[in-house]
Protein chains: 2
Amino acid sequence: MDFLAKIYITLKESVLDPQGTAVTHALHTLHYRTVSDVRVGKYMEVTLSAASTEEASTLIRGMCDDLLTNPVIEKYTYELVEA
Amino acid sequence: MDFLAKIYITLKESVLDPQGTAVTHALHTLHYRTVSDVRVGKYMEVTLSAASTEEASTLIRGMCDDLLTNPVIEKYTYELVEA
């Protein structure tokens with residue numbers, strides 16, 4: 001079966017996000033003054049084949065831990081849909 | 001009212017994604033051979049205040065068009081929740 005995994009990667013709450021701060025300042029300069037905070041993360045769509053949803057889920061968690069995220073500073077969530 | 005907007009930015013389907021191709025190759029090297037495609041995008045969480053959901057939605061669309069996305073090569077979707 002083919003699956004599409006949507007992976008959302010964000011910095012942990014305790015980690016400073018200078019890119020988000022820069023975007024906040026840029027939005028203020030553009031007169032979007034009601035913005036109080038921006039956090040910037042990554043979004044990935046991974047297409048893979050697996051025998052079952054459980055196997056796909058295990059593979060995605062493995063990929064996230066092995067390559068896609070830095071577990072020291074980032075956390076992730078994902079959704080898995082049959083493609 | 002305070003709102004949290006979750007913004008998902010992806011490259012348009014027709015735009016090549018060399019970063020995604022590199023991630024696909026890296027996953028194959030790590031023996032995740034059933035991965036057929038990876039697309040890399042951005043994920044942003046914007047906290048803002050607005051008088052209503054409609055106003056917040058208008059502001060978010062404005063920010064995406066003015067600064068957060070490049071409409072030539074990217075598309076975006078967003079979810080708005082009351083914070």
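1. Let's start with B:T24 and its surroundings in this predicted model. Leaving aside residues up to four places away in sequence, B:T24 touches B:V35, B:S36, B:D37 and B:V38. B:T24 itself sits in helix α1 (residues 18-29) of chain B. With a relative accessible area of 8%, B:T24 falls under the 20% cut-off and is therefore buried. Its side chain also has a polar partner: one of the polar atoms there lies 2.8 Å from the backbone oxygen of B:G20.

2. The next stop is strand β1 of chain B, residues 2-11. Seven of its 10 residues are buried, so the strand is largely enclosed by the rest of the structure. β1(B) pairs with β2(B) in the antiparallel sense, over eight bridges. If you would like a place to look, B:F3 stands opposite B:L48 in β2(B).

3. β1(B) has a further partner in strand β3 of chain B, residues 74-82. These two strands run antiparallel and are joined by nine bridges. Here B:I7 stands opposite B:Y78 in β3(B).

4. Strand pairing also crosses from one chain to the other. β2(A) and strand β2 of chain B (residues 35-49) run antiparallel, with 13 bridges joining them. As one example, A:L48 has B:V35 as its bridge partner in β2(B). B:V35 is worth a second look, as it is also among the residues that B:T24 touches.

5. Now the interface as a whole. Chain A contributes 30 residues to the contact, and chain B contributes 30 residues. The area buried between the two chains is about 2,600 Å², and 66% of it comes from carbon and sulfur atoms. On the chain A side, A:Y32, A:T34 and A:Y43 supply 22% of the area that chain A buries against chain B, more than any other three residues.

6. Which elements of chain A each supply at least two residues of the side that touches chain B? They are β1 (2-11), α1 (18-29), β2 (35-49) and α2 (53-68). The largest share comes from β2(A), with 15 residues. That is the strand joined by 13 bridges to β2 of chain B. By residue class, the side of chain A that touches chain B divides into 18 nonpolar, seven polar and five charged residues.

7. How many salt bridges does the rule find across the interface of chain A and chain B? The count is zero. Polar contacts are another matter: the rule finds 15 residue pairs in polar contact across this interface, both residues of each pair being at pLDDT 80 or more.

8. A last point on backbone geometry, one chain at a time. A:H31 has a positive phi of about 75° although it is not a glycine. A:H31 lies in the loop between α1 and β2 of chain A. Its relative accessibility is 59%, over the 50% cut-off, so A:H31 counts as exposed.

9. For chain B, the residue to check is B:H31. Its phi is positive too, at about 75°, although B:H31 is not a glycine. B:H31 is found in the loop between α1 and β2 of chain B. With a relative accessible area of 60%, B:H31 is exposed.

How values were computed. Residues numbered from 1 in each chain as written. Chains lettered and ligands numbered in written order. Predicted model: local features only at pLDDT ≥ 70, side-chain atom pairs only at ≥ 80, totals over all residues. Heavy atoms only, no water. Contact = heavy atoms within 4.5 Å. Buried area = accessible area lost by both parts, 1.4 Å probe. Salt bridge = Lys/Arg side-chain N within 4 Å of Asp/Glu carboxyl O. Polar contact = N/O pair within 3.5 Å; in protein donor to acceptor, adjacent residues only side chain to side chain. Helix = DSSP H or I, 4+ residues; strand = E, 2+ residues; numbered from the N terminus. Nonpolar A, V, L, I, M, F, W, Y, C, P; charged D, E, K, R; others polar. Pairing = 2+ DSSP bridges. Buried < 20%, exposed > 50% of the residue type's maximum accessible area, 1.4 Å probe, protein only.
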